[in-house]
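Hi,

Here is the structure I said I would pass on. Have a look at it first, and then read on for what I found in it.

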Amino acid sequence: MTSFTERTKASLREALLDAAADLLPDRGHQALRMADVAARAGVSRQTVYNEFGSKAALTQAVALRTAAEFLDGIRRRFENADGLIAGIHGAVVYTIDHARENRLVAAALGTEAGEDLLPLLTTKGEPILTAAADLATEQYRTLEPRLSQKSAALLAETVVRLSLSHLVLPTHSATEAADAVVAVLAPAIENFLTESSTDSSTESSTME
């Protein structure tokens, strides 16, 4: 496949994803029609099927692209953070603020049309949750190298699921939600770091 062909195919895919992203907030997954996506993108319905195979695959691709955009933003928050707690707080605020402003996520959480999009964020959205947790695990260990892989992964999964719960049940502002998440995580982080220091001291004594 030539570079031109690759660029053309990538451009087509993005155009189809843009078209579906425009339609999904108002229609939801169930009422979305591949013919409407094709019309919005200016291609045939068969072209949409050739690219994605099914409506479910198209909807999932839109969700994954949306998640990728969020993950980039989260990564930047960690890279500019002054410490692990600050990084977690900033990432949670970013996630909740931007998720609430995003039309797809807002539709999934707040409109009848978007109710069938909600599973993409929860049980059926496992790839999205996994990617978020993997990124967080990596960033946690970068900011706090004393954390073990297991501890960082557990903390990351906890933050992801707590953030998701605040999105699904938005009873607090993004900052208040982040404050609550950090209040839960800070003692756990301190405990993990204490255990790590104890284990290191024990190993040093044994070697002596």
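In which helix is the place of Ser-151? Ser-151 sits in helix H8, which covers residues 149-168. Before I go further, bear in mind that this is a predicted model.

Let me stay with Ser-151 for a moment. Its relative accessibility is 11%, so Ser-151 counts as buried. Two of its distances along the chain caught my eye. Leu-193 is 42 residues away in sequence, yet the C-alpha atoms of Ser-151 and Leu-193 are 9.3 Å apart. On the other side, Arg-141 is ten residues from Ser-151 along the chain, with 9.4 Å between their C-alpha atoms.

Arg-141 itself belongs to helix H7. With a relative accessibility of 34%, Arg-141 counts as partly exposed. Once residues up to four places away in sequence are set aside, Arg-141 touches Leu-147, Ser-148, Gln-149 and Ala-152.

Now the overall picture. The protein chain has nine helices and zero strands, so to speak a plain run of α elements from the N terminus on. Of its 208 residues, 40% are buried. If you take the contacts between residues at least 6 apart in sequence, 64% of them join residues at least 24 apart.

H7 has more to offer. How many aromatic pairs does the structure hold? There is one, and it is formed by Phe-78 and Tyr-140: the ring centres are 5.7 Å apart and the planes stand at 65°, so the pair is edge-to-face. The cut-off for that label is an angle over 60 degrees. Phe-78 lies in helix H4 (residues 55-79) and Tyr-140 in helix H7 (residues 126-143), so the pair ties together parts that are 62 residues apart in sequence. Are these two residues buried or exposed? Both Phe-78 and Tyr-140 are buried.

Right beside it in the sequence is Gln-139, also in H7. Gln-139 has 7% relative accessibility and therefore counts as buried. Apart from neighbours within four places in sequence, Gln-139 is in contact with Arg-75, Phe-78 and Glu-79. Phe-78 thus turns up again, as a contact of Gln-139 and as a member of the aromatic pair.

The other part to look at is residues 33-52, which an unreviewed UniProt entry annotates as "DNA-binding region". That stretch is 80% helix and 0% strand, and the C-alpha atoms at its ends are 13 Å apart.

How do helices H2 (residues 34-41) and H3 (residues 45-52) cross? Their axes come within 8 Å and cross at roughly 105°, and H2 and H3 are therefore roughly perpendicular to each other. On the H2 side the contact is made by Met-34, Ala-35, Val-37 and Ala-38, and on the H3 side by Arg-45, Val-48 and Tyr-49. Sorted by class, that contact has six nonpolar residues, no polar ones and one charged.

Two more details on H2. Its buried residues include Met-34, Asp-36, Val-37 and Ala-38. After H2 comes Gly-42, which has a positive phi, near 75°.

That is what I have so far.

Best wishes

Definitions and conventions:
Residues numbered from 1 in each chain as written. Predicted model: local features only at pLDDT ≥ 70, side-chain atom pairs only at ≥ 80, totals over all residues. Heavy atoms only, no water. UniProt positions renumbered as here; feature names shortened; annotations may be inferred. Helix = DSSP H or I, 4+ residues; strand = E, 2+ residues; numbered from the N terminus. Phe/Tyr/Trp six-rings, centres within 6.5 Å; stacked < 30°, edge-to-face > 60°. Buried < 20%, exposed > 50% of the residue type's maximum accessible area, 1.4 Å probe, protein only. Axes fitted to C-alpha atoms, helices over the stretch in contact; angles between N-to-C directions. Parallel < 35°, antiparallel > 145°, perpendicular 65-115°, else oblique. Contact = heavy atoms within 4.5 Å. Nonpolar A, V, L, I, M, F, W, Y, C, P; charged D, E, K, R; others polar.
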